[in-house]
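Got your viewer open? Let's take a walk through this structure, one selection at a time.

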Amino acid sequence: MAENVKPRVRVPRSATAGEAFEIKTLISHIMESGQRKDGDGNTIPRSIINHFSCDFNGENVIQATLEGSISTNPYFQFDAVISESGTFTFTWNDDDGSVYTDSKDITVG
Amino acid sequence: MQFTRRDTLVMGAGAAVASFMPLQAFADATDDQIMAFAAGAEVTDGGVELTAPEIAENGNTVPISVSAPGAVAVLILAPGNPLPRVIEFNFGALAGSQSASTRCRLAGTQEVMALAKMADGSVKRTSALVKVTIGGCGG
């Protein structure tokens, strides 16, 4: 398991129904691309987060399939639109099988 | 062995072809990705917007954002990278807009490409030239 993986998410506390708002996510991860070589000329094996998904009350907002060309500490910014209060869940899947999750509550007022 | 003027020219041409080979291989990989993403649909220009810096000083973190109103999926390709695929976004029912931003690695100066698959199955394409000062793919 990659070390010191810490997801961070920014979601507004409240939103207006039917109005799009911005979500930002960042997760600390080395994202080893599998292209680099170590001092002895051996390829360093790939170790990245290969999938990200954001869901709200079980419905999908966005999914992303990541490749080795994504920078260290993958960052995403996207918009969501909701009609009721609930919980956003964020899921990151690591190459080594680990799953990192975070969740944020939001109220529609 | 003596080289005539003609021999030298032929060898020069051969060397030029050889030096373009890896680039050609990258291009083929990119075409494969485009074909796989388009799934038989015709790829047309426009209808998708790709925002990338004109000059990226550090190829390790190049901020890119893509916006494609009406798209269900967006694929970003960097044809100059060892592996052209960068990221594929799939927009769900609750996506507020068909746009997203992230940061990517670029091996060198190249045309970054964005492909958007629309709800009706058509595929749109756009590209943006990014000049990279220091490449970001290591060794």
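Start by selecting Phe78(A) and Ala100(B): Phe78(A) stands opposite Ala100(B), which belongs to strand E7 of chain B. Before we move on, some ground rules: this is a predicted model, where local features need pLDDT of at least 70 and side-chain atom pairs count only at pLDDT 80 or more, while totals for chains, interfaces and linings use all residues. Residues are numbered from 1 along each chain as its sequence is written, chains are lettered from A and ligands numbered from 1 in the order in which they are written, and side-chain values use heavy atoms, with hydrogens and water left out.

**Stop 1: where the chains meet**

Now select residues 75-80 of chain A, which make up strand E6 of that chain, together with E7(B): three bridges join them, and they run antiparallel. Strands here are DSSP runs of E with at least two residues, helices are runs of H or I with at least four, and both are numbered from the N terminus. Two strands pair if DSSP finds at least two bridges between them.

Widen the view to both chains. 28 residues of chain B are in contact with 29 residues of chain A, where contact means heavy atoms within 4.5 Å. About 2,400 Å² is buried between the two chains, 49% of it on carbon and sulfur atoms. Buried area is the accessible area (1.4 Å probe) that two parts lose on being put together, summed over both. On the chain B side, pick out Leu94(B), Arg103(B) and Arg105(B): they lose the most area to chain A, together 31% of what that side buries.

How many salt bridges are there between chain B and chain A? The count is one. Select Arg85(B) and Glu67(A) to see it, with the closest N and O atoms 3.0 Å apart. The rule asks for a side-chain nitrogen of Lys or Arg within 4 Å of a carboxyl oxygen of Asp or Glu.

Next, highlight 85-91 (strand E6) and 95-104 (strand E7) in chain B, as each supplies at least two residues of the side that touches chain A. Which gives the most? That's E7(B), with nine residues.

**Stop 2: inside chain B**

Hide chain A for a moment. Chain B has one helix and nine strands, and the helix comes at the N-terminal end of the order, followed by the strands.

Select residues 62-67 of chain B, strand E4. Its covered face has Val62(B), Ile64(B) and Val66(B), while Pro63(B), Ser65(B) and Ser67(B) sit on the uncovered one. E4(B) pairs in the antiparallel sense with strand E2 (residues 49-51) of chain B over three bridges; look for Leu50(B) and its bridge partner Val66(B). E4(B) is also joined to E7(B) by six antiparallel bridges, and there Val62(B) has Cys104(B) as its partner.

Is Thr126(B), in strand E9 (residues 123-134) of chain B, buried or exposed? Thr126(B) is buried, with a relative accessible area of 19%. Buried means under 20%, exposed over 50% and partly exposed in between (1.4 Å probe, protein chains only). Beyond its neighbours within four places in sequence, Thr126(B) has contacts including Val48(B), Leu50(B) and Met113(B).

**Stop 3: back to chain A**

Bring chain A back and select Lys24(A), in strand E3 (residues 21-27). Lys24(A) counts as partly exposed, at 31% relative accessibility. Finally, add Arg8(A): the two are 16 residues apart in sequence and 8.4 Å apart in space, C-alpha to C-alpha.
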